[in-house]
Amino acid sequence: MPITFDINNPDPQTNFSNNREFADVVNVNMSRRRFLQGSAAIAATAFIASCSSATGTLRQQPAMAFTPITVGFGDEVVVPAEYQAQAFLPWGTPLLANAAEYRADGSNTGAEQEQQVGAHHDGMHFFPIDAHAAGTNSTEGLLVMNHEYVDPAFIHANGPDAPPRPADQVRKEIAAHGVSVAHIKDVNGEWQLLQTSSFNRRITGATEMELVGPAAGHPKLSTLFSPSGTRTRGTLNNCAHGHTPWGTYLTCEENWARCFVNQAEHTREQQRYGVAKENGRYYWETATPSADEYARFDVTPYGNNANEDYRNEANGFGWIVEIDPFNPNSMPKKHTALGRFAHEGIVFAAAEEGKPLVAYSGDDSRFEYIYKFVSAEVYNHATAGSHLLEEGTLYVARFNDDGSGEWLPLDIHNAAFQAAAAAANVQFSDQGDVLLNTRLAADIMGATKMDRPEWGAVHPLTGEVYFTLTNNTRRTEAQIDAANPRAENYAGHIIRWQERADHFTWDIFMLGGAPGTYTPDTAIELDATNHHACADGLWFDSAGLLWIQTDMSGAIQGGSTYGNNAMLVANPDTREVKRFLTGPVDCEITGVVTTPDRKTMFINVQHPGEGSTVSNPSSHWPDGGSARPRSSTVVIRHNEGKVIGS
Ligand code: FEO
Ligand code: CA
Ligand code: CA
């Protein structure tokens, strides 16, 4: 019997908090009128002017001289004529030294998948092989990438068996999640995997991990596997990523909640994060023959206490995980101080000697929030390490309608937080409990509900922070605010802010939409060379060009207006925006990084052919012919070896 898996939607809306009062909504609508009349644009002009004065005339971005490409409809990756693009490291590529070859009929086993590149490539970073020295090597390095989820229609020979699920299918699906570390080298102009390198590593949904930070050891993290609440197994739904100033990789757990099921009464954590009520997304809990590793996805309380069952297993997910790619034997760390939610990614402000470290992370679900972490200890290049992420203050953003904004502390020792908790009649036992319930803590502080925060990027020269808000078709006219100014926002937008002494100022960089869409704050008007919808991936190269990747789904993807998902590049100084790449059918474009010399770019094509079946795939990319589609990295180079974007 065929079964369906609800895999390509964000977890359901779970924020029904009333943290914006009716009077505010009235004020918003008045503010919105002012916004449309241009006073917000005046504020934005001041925003930009002060950014520029802080940096002078130091911009030397590539010229973006390439000819922008048109909207794409074909089952192919298209780049400007001056460039070439080649698939690299697709799902199933043998990664470890003795790994089995990929079998095109989908018959690789779970054990084989554990040694092969995972599925659904997403966030990605290139660590030059000399990352701990000069960090300039552009011909050899470790390419580390996330594998966000799996499509059972394509991962098994003939699609998934109905529940109870065969244990090896479950093993394979769990193994296809997580992270790949791939040691790669440019050999005579062609990037190759060094398959015998000891750096190559798979981290999966089963790899043992350590919990660190204020929630580590919390009673709500106790399980049969780890009564002390300090260990858990696996990382799941690894969407975007980050990388630390000390050369480690961060992978972020996004739509993990529905991998778990509790058929009994839900805890407040399970309610607010959306744990499933009837079955897990992939029915992993039904794996037969059963094993502890699979049964743990059923978080229904069966035992006498938390040490006898997996009632707390889901609490071990929703974190940011640190991986040291240069130490293949290191145990990944889940950093609880960075908060627990549907983490899209994490991006750091430039580390400054003697000052706290600052990082930003979005919670990608409808009406969720944007967060900022500030380390307790100051950054010191000589001693910097993961301890900086283990203690600090987590803040959530409130975007005021006048173009200002505030960071609200989620700190049980903070008087304002204590007052808000008392007013809301919400109790937290300790800071670990606050972090386990990050969303609830943000609710009571009155954070601004955003249109699905995805990737963030920090301008390397000005420090401006940009964030994509990919879409939110559920926002009503009554729910608009200046930072989320459109009802039924199907096309998304990009917001940005500049930190000030005790607050921030913000404006909207670009609204997505059809040709003619106009953004008042920046006067960017989209045309046929750059119109787009659902910006998701976002990355600044070291010269200050902003790379923007789209993740449209449903009817607009492939439709006549927007075509297939795409990548654009913008120069925030000149407001020039050009379409640089279009992807194959039914994919998303995500993950972007270059080598330090910016002459090789790596991007990811995720889930080509999504929504179709193995008997009739809508895409055969990248293998072509009648092959089943595979997620894959793509290597992009200029035909004459020039800098990407020139
Ligand atoms: Fe996995 Fe929010 O995209
Ligand atoms: Ca994403
Ligand atoms: Ca997305």
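Glu344 has a relative accessibility of 0% and therefore counts as buried, the cut-off for that class being under 20%. In this predicted model, Glu344 sits in the loop that runs between strand E12 (333–335) and strand E13 (347–348). Leaving aside residues up to four places away in sequence, Glu344 touches Cys239, Ala240, His241, Cys252, Glu254, Gly362, Asp364, Pro453, Glu454, Trp455 and Asp536. The C-alpha atom of Glu344 also lies 15 Å from that of Val179, a residue 165 positions away in sequence.

Two of the residues touched by Glu344, namely Glu454 and Asp536, lead to the metal ions. The calcium ion (ligand 2) is coordinated by Glu344 (OE), Glu454 (OE) and, through two entries, Asp536 (OD), at 2.4 to 2.8 Å. Along the chain, these donors follow the spacing E-x109-E-x81-D. Glu454 belongs to strand E20 (residues 453–458) and Asp536 to strand E26 (residues 535–540), so this pair ties together parts of the chain that are 82 residues apart in sequence. Glu454 and Asp536 are both buried, and Glu344 likewise counts as buried.

A further calcium ion (ligand 3) lies 3.7 Å from the calcium ion (ligand 2), and Glu454 coordinates both. The protein donors of the calcium ion (ligand 3) are Glu454 (OE), Asp536 (OD) and Asp551 (OD), at 2.3 to 2.5 Å from the ion. Their spacing along the chain is E-x81-D-x14-D. Whereas Glu454 lies in strand E20, Asp551 is found in the loop between strand E27 (546–550) and strand E28 (566–571), so the pair ties together parts that are 97 residues apart in sequence. Asp551, like Glu454, is buried. Asp536 appears among the donors of the calcium ion (ligand 2) and again among those of the calcium ion (ligand 3).

Another covered element is helix H10 (residues 438–445), in which eight of eight residues are buried. The buried residues of H10 include the charged side chains Arg439 and Asp443, together with Leu440, Ala441, Ala442, Ile444 and Met445. After H10 comes Gly446, which has a positive phi near 80°.

These sites belong to a protein chain whose secondary structure comprises ten helices and 32 strands. The radius of gyration of the chain is 23 Å, close to the 26 Å that the globule rule gives for 646 residues, so the chain is as compact as a globular protein of that length. The C-alpha trace spans about 65 × 65 × 50 Å along its principal axes. Of the 646 residues, 62% count as buried. Among contacts with a separation of 6 or more, 65% involve residues 24 or more positions apart.

The surface and the charges complete the description. The protein chain exposes about 22600 Å², of which carbon and sulfur atoms supply 50%. Its side chains include 46 positive and 76 negative ones, and the centres of these two sets lie 2 Å apart.

Terms used
Residues are numbered from 1 along each chain as its sequence is written. Chains are lettered from A and ligands numbered from 1 in the order in which they are written. This is a predicted model: local features need pLDDT of at least 70, side-chain atom pairs count only at pLDDT 80 or more; totals for chains, interfaces and linings use all residues. Side-chain values use heavy atoms; hydrogens and water are left out. Donors are N, O and S atoms within 2.8 Å of the metal (3.2 Å for Na, K and Ca); water is not among the atoms, so sites may look incomplete. Helices (H or I, at least four residues) and strands (E, at least two) are DSSP runs, numbered from the N terminus. Buried means under 20% relative accessible area, exposed over 50%, partly exposed in between (1.4 Å probe, protein chains only). The radius of gyration is taken over C-alpha atoms; the globule rule is 2.2 Å times the number of residues to the power 0.38. Contact means heavy atoms within 4.5 Å. Accessible areas come from the Shrake-Rupley method with a 1.4 Å probe; for residues, only the protein chains shown count as cover. The place of a charge is taken as NZ of Lys, CZ of Arg, CG of Asp or CD of Glu.
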